[in-house]
Amino acid sequence: MDVSRRTLLAALGLGALGTAAGCSSGTGTTGSADGPASGEITFLTAIFEGATGKETLEGQLLPKFKESHPDVTVKVDYTNYSALNEKITTGLASGLMPDVLTLGVGWVEPFAFKKAIAPLPDELGTRYDYQERVLRPSRFDDKLYALPIVLDTRFVAYRKDHFAEAGITETPKNFAELRAAAKELARNEGGRLTRAGLDPFSIDLRQCWETFLFAGGGELFSADGREVLFNSEAGVGALQFFLDLVADGSASFDLKTAQGQPSTLQQGTASMMMVNNSLWINLEEENPELIEDDRIGSFVLTGTRPALFQGGTLVAQSASSKHPAAARALVEFLGSPDVVLPACEQRGAVPGMAELADSEYVKGNAFVDFALSNLDQAFSEGGTPAWMEIREKIKPTLESAVVGQQSAQQAIEQLAGVANEAIGRLG
């Protein structure tokens, strides 16, 4: 079926063809999830990538599910995050939604608003020991719609050897100290930056800016998701911080590394870097000497408050599944510790359950252990049913300021305009 982007946006109520609140793109759940679990269902997943991921899911995990649910057959549809949203919206537009699907943090509100995913029993949120901040992205309109499988956090990692060389004995406690340390640690040769004091550009710029926004005391949206709040002093200041780093020679957009390449922290071309917890796996595989010599440390970004960015992957049930009991059973299984732990292990991700904090995996991965220990300071993106449209505009708008095409104030105002228009189309 040929589904245009305009049709896809219409399916979610986005863009010029947005539909009014309460109108559903799906057909609604066709049966009760309380009956016997049986039938063939489809699982759309953006995790369990590659041969290792497939072996983990289909070779180890799903056979366990089959043991307890012999009348359910699971057909897996693998994708990645860059294609996940389009695959879901295509399913909505064509009426062929997967029975069970993975979602990113911030995605529950848009898909629950359009009634594309089904609410789950609230008791599933208390079955395991989750922090409320971990479950918050799984809720919409006071109902639980998803369960977390893996968390991906963002914080600052630093080179202890660079700190010692510069005589810096403590990690920065606020933005002023962070800026001063970055300037002290930066190295220039012949007018060219060869080592950034702080590299904020080698991870997703949207998520990096949001972490600085949260640390500066700001929020993305109001609690009801209908008012833009990031066009504040904290939002502008977060972007301006990056511009100031570039201006004083402490960072460079050109110094960032491409995805799949060793990070600037690993290469020694940055002394501090905003990182994903999964970097620890790269260190173990590519630079074990940095771990063995204790040259890598971490700290939570702090402005007016500490802020750890919390992203991740959630699992939800389609509202239009023809086998809702089977779909519900798979969601519960995928959200259990027996799945969460191996899913995290194969990705270097963070389990959101306190039950797993003392596992061998967590204790053997310093970044995962650090993130799990600081989830009480975590903040998540999203928070509005219009998020999927707003989300894709953030990174290019921020980059336009970083490369000097407009000021931080202008970029944030432009982004706020886009967000207000998207929210206004919700009806």
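These legends accompany close-up views of a predicted model.

**View 1. Two domains share one chain.** Domain 1 takes in residues 39-152 and 310-368. Domain 2 takes in residues 155-309 and 383-425. Their C-alpha centres lie 28 Å apart. Contact between them involves 22 residues of domain 1 and 22 residues of domain 2.

**View 2. The interface of domain 1 and domain 2 buries about 1,600 Å².** Carbon and sulfur atoms account for 64% of that area. On the domain 1 side, D152, Q310 and F367 lose the most area to domain 2. Together these three make up 38% of what that side buries. Salt bridges between the two domains number 0. Polar contacts do cross the interface: 2 residue pairs, with both residues of a pair at pLDDT 80 or more.

**View 3. Helices and strands both build the domain 1 side of the interface.** Helix 4 (108-113) and helix 16 (366-373) each supply at least two residues. So much is also true of strand 6 (146-159) and strand 12 (306-317). Helix 4 gives the largest share, with 4 residues. Sorted by class, the side of domain 1 that touches domain 2 has 11 nonpolar residues. Another 7 are polar and 4 are charged.

**View 4. P121 sits in a loop.** The loop runs between helix 4 and helix 5 (132-135). P121 has a relative accessible area of 22%, so it counts as partly exposed; the cut-off for buried is under 20%. Beyond its neighbours within four places in sequence, P121 is in contact with L144 and R328. R328 is 207 residues away along the chain. Even so, the C-alpha atoms of P121 and R328 are separated by 9.8 Å.

**View 5. Helix 14 (residues 337-345) carries a set of buried residues.** They are V339, V340, P342, A343 and C344. These buried residues pack against three other helices and one strand: helix 2 (50-68), helix 13 (324-334), helix 15 (360-363) and strand 6. Strand 6 also supplies residues to the side of domain 1 that touches domain 2.

**View 6. D294 and K160 form a salt bridge.** It is one of 17 salt bridges found in the whole structure. The closest N and O atoms of the pair are 2.9 Å apart. D294 lies in the loop between helix 12 (288-292) and strand 10 (296-299), and K160 lies in helix 6 (residues 160-166), so the bridge ties together parts that are 134 residues apart in sequence. Both ends are partly exposed: D294 at 46% relative accessibility, K160 at 28%.

**View 7. R187 and E165 meet through their side chains in a salt bridge.** The N to O distance is 3.2 Å. R187 belongs to strand 7 (residues 187-189) and E165 to helix 6. The two residues are 22 residues apart, and the pair links distant parts of the chain. R187 is partly exposed, with a relative accessible area of 31%. E165 is exposed, at 54%.

**View 8. E170 and K173 make a salt bridge, shown beside a network of shared partners.** The side chains of E170 and K173 meet at 3.8 Å, N to O. E170 is exposed, with a relative accessible area of 56%. K173 is partly exposed, at 45%. The network joins E165, R187 and R195 through salt bridges that share partners.

**View 9. E381 is a buried residue in a loop.** The loop lies between strand 13 (378-379) and helix 17 (387-402). At 8% relative accessibility, E381 counts as buried, because the cut-off is under 20%. Its side chain makes a polar contact with the side chain of R206, at 2.9 Å. Leaving aside neighbours within four places in sequence, E381 is in contact with V105, G106, R206, Q207, E210, L220, F309 and W387.

Methods:
Residues are numbered from 1 along each chain as its sequence is written. This is a predicted model: local features need pLDDT of at least 70, side-chain atom pairs count only at pLDDT 80 or more; totals for chains, interfaces and linings use all residues. Side-chain values use heavy atoms; hydrogens and water are left out. Domain bounds come from an automatic or database domain assignment. Contact means heavy atoms within 4.5 Å. Buried area is the accessible area (1.4 Å probe) that two parts lose on being put together, summed over both. A salt bridge is a side-chain nitrogen of Lys or Arg within 4 Å of a carboxyl oxygen of Asp or Glu. A polar contact is a pair of N or O atoms within 3.5 Å; within protein, one must be able to donate a hydrogen and the other to accept it, and residues adjacent in sequence count only if both atoms are side-chain atoms. Ala, Val, Leu, Ile, Met, Phe, Trp, Tyr, Cys and Pro count as nonpolar, Asp, Glu, Lys and Arg as charged, and the others, Gly among them, as polar. Buried means under 20% relative accessible area, exposed over 50%, partly exposed in between (1.4 Å probe, protein chains only).
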